Each structure stands twice: as C-alpha cells, then as structure tokens.
Amino acid sequence: MFVVAHLSDTHFGNDVRDPGDRNAAVLDHLLVMDPRPDVLVVTGDVADHGLPEEYAAARAWLDRWPGPVAVCPGNHDVRAAYVDGLGRSPRSVVEAGGHRFLMLDSLIDAVDGVRVDEGRLGVAQLAWLDRELAASDAPAFVCLHHPPVTIGVPLMDPICLLDGDALAEVIGRHPQVLATLVGHAHTMSATTYAGRPLLIGGGACSTVPLEAEPYPVVWYDGPPSLALHLVDDDGRVTTHWRALPL
C-alpha cells in the first residue's frame, strides 16, 4: 500500500503563536511510523511572512525527512524568497512509488505590498498541468494550496481558488488523477471535486473551526493536524486524519 503524509500551513515565523513545536510534533509523528509514509506533501503557507529566516527554519525542518518531498506555495508565501530559501520551484512534478504529484502554484503576488489571499492558477499553468497529465498514465495527485470550491467555513470560503471550474475541467480529462490535495482552510475535511476526492490536510499551525463551534475564529490552542492518505492497488484512496497532542 502506498502512503502519502499530507500536511499544510506550517506558517513558520507566525507572530501570534510560534509554530515550531507544533511543526516538530507533526514531523516527529511521521518519522517514528514503521514503515514511514512513502512521500511527504506540504500544501502551502510554508512561511507566515515570506521572510528568509522563515524559509531557513522550514528548510531545516524539511531536511529531517529522509524520503521524497513535494511542496507548493500558499498565499502567505513570497515566491522569490520561497525559491531562494527552499531551493525548490513553486511548480513541480514529484514522482514517488509509481505515483506522480503535480504541485501547483496558486499564489497571487502581493499588490502594493498587500498580501492577496485568494488563489489563481491561470491559463498557462492549467495548460502545463494538462500537458503533464497527458504525458503519463501513472496514478496522480493534483496538489495546490487553495481549495477550488467552498467548504462551509465563512472565514475561508471568500478566499478560495478563483479558477476552480477551469481546474476541474482539466482534471476531468484525466482519469488517473486519484484526488486533489489542498490546504489553506486550516481544517481537516473532505469533499468531492471533479468527480474525485478533495482532501484538505488540516493545519499544522492552527485550526479554523466551523462558525457554530465554540472556539476562536483562528484556534491556536487546537491540536496540530495532518492527513495520511492510503492508496490501494486499485487506486482507491482512504484518508486517516490525526490531531496530535502537544
């Protein structure tokens, strides 16, 4: 069985609550698994302000993982600093265990120094994804930061992916796509999208609860979370979420 460790929103450098211990707890949990997951996927907001020192901390954290790593940026990241600090392209294809991870860049650059929280892939990147998926029949995961549909969380729904319908059209043309993996929403959740699972990895740094729940709008005292996606030989994906004690 192929196992994907999926986490998101590490927000290194967060100045409300230092996430270092939380991020360490998540990685420690994965490192003691026996056997370990086959690949580590991080779906964006690696840093909180996009500063070089935040990426230095993130890189040291990622370097602890001994296997394949697939990462993409989120709205809190800064593209140039992300590339320089992590030594990774914001868009990439990562292969692990016969599976392909199409890591997309949904970050919209800041406008006059003001962060843009919505996401967009754009025509050129969607065409790139279409070509990459057409090039191989290997089972694939499409990964990005922003959920391409609303999920019933008022804080996050207005800042989801702006061109989600266009992404769904691309995914719909490629039956080997097993699921779409995203972050951004800081809540462990699942829905369907383009006829496949849409799986939100939760938040390592914090949780955004439902409006009806008796927690703060951004809940920093909630447990750090992650997802483990198990892929059967027939391509069926089973997800186990974990909320970890601190």
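Biologist: Why is D109 called partly exposed?

Modeller: Its relative accessible area is 46%. Buried means under 20% relative accessible area, exposed means over 50%, and partly exposed is what lies in between, computed with a 1.4 Å probe on protein chains only. The value of 46% lies between those limits, so D109 is partly exposed.

Biologist: What kind of model is this, and which residues and atoms count?

Modeller: It is a predicted model, in which local features need pLDDT of at least 70 and side-chain atom pairs count only at pLDDT 80 or more, while totals for chains, interfaces and linings use all residues. Residues are numbered from 1 along each chain as its sequence is written, and side-chain values use heavy atoms, with hydrogens and water left out.

Biologist: What makes R79 and D109 a salt bridge?

Modeller: The term requires a side-chain nitrogen of Lys or Arg within 4 Å of a carboxyl oxygen of Asp or Glu. The closest N and O atoms of R79 and D109 are 2.6 Å apart, and the pair therefore meets the rule. This salt bridge links distant parts of the chain, 30 residues apart: R79 is in helix α3 (residues 79-86) and D109 is in the loop between β5 and α4. Helices here are DSSP runs of H or I with at least four residues, and strands are runs of E with at least two, numbered from the N terminus. R79, with a relative accessible area of 23%, is partly exposed.

Biologist: How many salt bridges does this rule give?

Modeller: The count is nine. One of them joins the side chains of R17 and D221, at 3.0 Å from N to O. R17 lies in the loop between β1 (2-7) and α1 (20-31), and D221 in the loop between β9 and β10 (225-231), so this pair ties together parts 204 residues apart in sequence. R17 is partly exposed at 35% relative accessibility, whereas D221, at 58%, is exposed. R115 and D117 also meet through their side chains, at 2.6 Å from N to O, and R115 is partly exposed at 42%.

Biologist: Which residues do salt bridges that share partners join into one network?

Modeller: That network consists of R79, D105 and D109.

Biologist: How do you know that the buried residues of α3 line one face of the helix?

Modeller: The buried residues of α3 are A81, Y82, G85 and L86. Seen down the helix axis, they fall within an arc of 105°, so they line one face. The arc is that of the directions from the helix axis to the C-beta atoms. On the face turned away from the buried side, α3 carries the exposed residues A80 and D84. The cover over the buried residues includes α2 (52-62) and β3 (69-72).

Biologist: What do the buried residues of α5 pack against?

Modeller: They pack against α4, β6, β7, β8 and β9. The residues concerned are G164, L167, A168, V170 and I171. Their arc is 160°, so they too line one face of the helix. D165, E169 and G172 are the exposed residues on the face turned away. Helix α5 (residues 164-172) lies across β6, β7, β8 and β9 (196-201), at about 65° to β8. Axes are lines fitted to C-alpha atoms, for helices over the stretch in contact, and angles run from 0 to 180 degrees between N-to-C directions.

Biologist: What makes β4 and β8 edge strands?

Modeller: The sheet is open, with six strands in the order β4-β5-β6-β7-β9-β8 and mixed pairing. Strands β4 (92-96) and β8 (188-193) each pair on one side only. Two strands pair if DSSP finds at least two bridges between them. Strands β5 (residues 99-103) and β6 (residues 140-143) have four bridges, in the parallel sense, and therefore satisfy that rule.

Biologist: Why is H229 called buried?

Modeller: Its relative accessible area is 0%, so H229 falls under the 20% limit. H229 is found in strand β10.

Biologist: With which side chains does the side chain of H229 make a polar contact?

Modeller: The partners are H6, at 3.0 Å, and T239, at 2.8 Å. A polar contact is a pair of N or O atoms within 3.5 Å; within protein, one must be able to donate a hydrogen and the other to accept it, and residues adjacent in sequence count only if both atoms are side-chain atoms. Leaving aside neighbours within four places in sequence, H229 is in contact (heavy atoms within 4.5 Å) with residues including F2, L181 and V237.
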